[in-house]
Amino acid sequence: MIRVLTFAALLATLAVTGCATSHTLDRRAPEQTYRHAQLSGAGQAPSAEPYRFFADSKVDWLYSDADKQTPLRVTEDQMHILALSGGGANGAFGAGVLNGLYESGDLPHYSVITGVSAGALIAPFAFVGGAELERMKRVMLGINDKMVLGKRNFLNTLLKDAFTNGESLYAFIEQSYPAGMIEAIADQHRQGRRLFIGTTHFDSAELVIWNLGQIAASDLPNKVQLIHQVLTASASIPGVFPPQFIEVDIDGQTYEELHVDGGLASQVFYGPASIDYHQINQALDLPYSPQVHVIRNGTLDIRYQAVPDKGINLLSRSLKSLTIRQTRGDLYRMLYYSQLEQVELAFAYVDTGDIPEKNSKKMFDIDYMQALYDYGYDKAMSEGLWATQLP
């Protein structure tokens with residue numbers, strides 16, 4: 001009886017401890033006004049580019065109907081856009097593709113780069129380019145479970161917000177994207193290029209797009225921390241990593257938003273929904289249609305597999321299937337709109353039969369990631385990298 005009471009008391013203590021948080025619901029942005037939120041202390045002029053915006057918002061600052069002008073600049077006779085998808089450890093594939101293109105001299109000078117989740121971690125390296133692409137290889141292939149997961153407690157998934165505290169992931173982001181790199185992002189932004197990173201606004205389940213170059217080039221006193229938060233949020237799978245809490249102001253009152261893995265809202269995107277790249281192309285007087293390259297960090301189909309009748313196995317398989325179906329849906333949508341907008345779209349992906357299945361239960365298996373990197377690198381060196389039709 002004493003043991004039962006002790007165990008019950010322990011559970012009660014854990015529950016109280018687990019539920020104790022400063023991030024209470026009354027601090028959340030209200031449903032009626034959450035879309036009007038501005039970053040706390042931003043003090044941004046209405047005419048300036050926003051630091052972030054919802055994906056379906058009207059974007060009138062990349063192209064002006066009034067004077068047919070755009071802040072984007074293109075150094076070649078064709079505008080190039082790069083979209084990097086989510087994929088976790090599969091991000092090694094995208095890193096391999098980009099380094100293969102760079103070393104072969106075929107890497108375009110992308111005017112716009114977008115990233116979600118694993119793609120969000122690759123995108124800043126691709127945006128800065130040069131030596132940062134080689135460092136990207138070391139960073140992406142150097143990730144391991146201990147480095148980003150840190151201490152784990154599955155009970156915290158029930159009592160707190162995730163089975164890790166997120167500190168290790170944030171520390172990895174801080175180390176991988178130092179202040180000097182953020183200044184290099186700002187420099188590229190000033191030259192007329194744009195870097196967009198997607199996170200999911202958790203309470204509304206909507207995609208928020210962060211104008212990372214605008215943040216880097218701003219006078220925001222917390223811009224380095226904010227960029228680290230955005231990159232961490234975009235890679236934070238709910239339940240595995242805690243959300244990032246970002247302070248915002250609405251009508252003079254301070255609230256906070258929860259931001260998590262952008263893949264919950266969209267696996268990949270190549271620009272704000274209201275942007276017509278064909279119009280921008282005309283404003284720049286370019287002779288060729290815009291070209292979009294999509295790198296899908298993973299496969300576009302799922303192998304047959306007899307799954308054990310256990311909850312975690314069934315859940316894992318279901319989430320993998322849902323993610324792949326979501327990615328295919330995103331690609332179908334982008335292919336459709338690219339035809340309407342007179343944009344050339346091609347994508348690269350991992351063919352299911354070309355690489356072995358991961359043998360370990362690690363999230364970040366170094367042998368598997370190295371195989372993916374090499375596969376992406378070799379594919380970039382060949383003639384068969386880009387596809388225009390879904391398998």
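Select L82 in β3 and then H293 in β9, since DSSP-type pairing is the place to begin: in this predicted model, H293 is the bridge partner of L82. Widen the selection to the two whole strands, and the pairing extends to five bridges between β3 and β9 (residues 291-295), with the strands running parallel. On adding β4 to the view, you will find that four bridges join β3 to β4, again in a parallel arrangement, and that A83 stands opposite T114 in β4.

Stay with β3 and show its side chains. Which way do they point? H80, L82 and L84 are directed one way from the strand, while I81 and A83 are directed the other way. Five of the five residues of β3 are buried, and the strand is accordingly described as mostly covered.

Next, follow β4 to its end and select S117, which sits in the loop between β4 (112-116) and α3 (118-128). The backbone deserves a look here, as phi of S117 is near 55°, a positive value in a residue other than glycine. S117 is buried, with a relative accessible area of 9%.

A second residue to inspect for its backbone is K68, in the loop between β2 (52-54) and β3 (80-84). K68 is not a glycine, yet has a positive phi of about 55°. At 44% relative accessibility, K68 counts as partly exposed, whereas S117 counts as buried.

Now move to H201, which belongs to strand β5 (residues 194-201). Is H201 buried or exposed? With 4% relative accessibility, H201 counts as buried. To see what surrounds H201, display its contacts beyond the neighbours within four places in sequence: these are Y34, F54, E206, V208, E257, L258 and H259.

The next stops are salt bridges, of which a search of the whole structure finds eight. Select R28 and D203, whose side chains meet in a salt bridge with an N to O distance of 3.0 Å. R28 lies in the loop between α1 (2-19) and β1 (38-39), and D203 lies in the loop between β5 and β6 (206-211), so the pair ties together parts that are 175 residues apart in sequence. The two partners can also be viewed by their exposure: R28 is buried, with a relative accessible area of 17%, while D203 is partly exposed at 43%.

From there, go to R35 and D56, which form a salt bridge whose closest N and O atoms are 2.7 Å apart. Because R35 lies in the loop between α1 and β1 and D56 in the loop between β2 and β3, this pair ties together parts that are 21 residues apart in sequence. R35 counts as partly exposed, at 35% relative accessibility, and D56 is exposed, with a relative accessible area of 52%.

Turn then to helix α12 and select D330 and R333, which form a salt bridge with the closest N and O atoms 2.9 Å apart. What separates the two along the helix? They are three residues apart in α12, which means a separation of about one helical turn. D330 counts as buried at 6% relative accessibility, whereas R333 is partly exposed, with a relative accessible area of 35%. Before leaving the salt bridges, add E206 to a selection of R35 and D56, as salt bridges that share partners join these three residues into one network.

Remain on helix α12 (residues 311-340), where L322 is found, and bring up L315, L319 and L322 as a surface. These leucines form a nonpolar patch, with about 310 Å² of accessible area together. L322 itself is exposed, with a relative accessible area of 57%.

Finally, colour the chain by pLDDT. The mean for the protein chain is 86, and 87% of its residues reach 70 or more. Over residues 1-20, however, the pLDDT is below 50, and this stretch has six contacts in the model beyond near neighbours in sequence. Residues 152-163 also stay under 50, and for them the model has 28 contacts beyond four places in sequence. Where pLDDT is low, the predicted coordinates should not be read in detail.

Terms used
Residues are numbered from 1 along each chain as its sequence is written. This is a predicted model: local features need pLDDT of at least 70, side-chain atom pairs count only at pLDDT 80 or more; totals for chains, interfaces and linings use all residues. Side-chain values use heavy atoms; hydrogens and water are left out. Patches are made of residues with over 30% relative accessible area and no salt bridge: like charges are joined within 9 Å, nonpolar side chains (Val, Leu, Ile, Met, Phe, Trp, Tyr) within 5 Å. Accessible areas come from the Shrake-Rupley method with a 1.4 Å probe; for residues, only the protein chains shown count as cover. A salt bridge is a side-chain nitrogen of Lys or Arg within 4 Å of a carboxyl oxygen of Asp or Glu. Buried means under 20% relative accessible area, exposed over 50%, partly exposed in between (1.4 Å probe, protein chains only). pLDDT is the predictor's confidence in each residue, from 0 to 100. Contact means heavy atoms within 4.5 Å. Two strands pair if DSSP finds at least two bridges between them.
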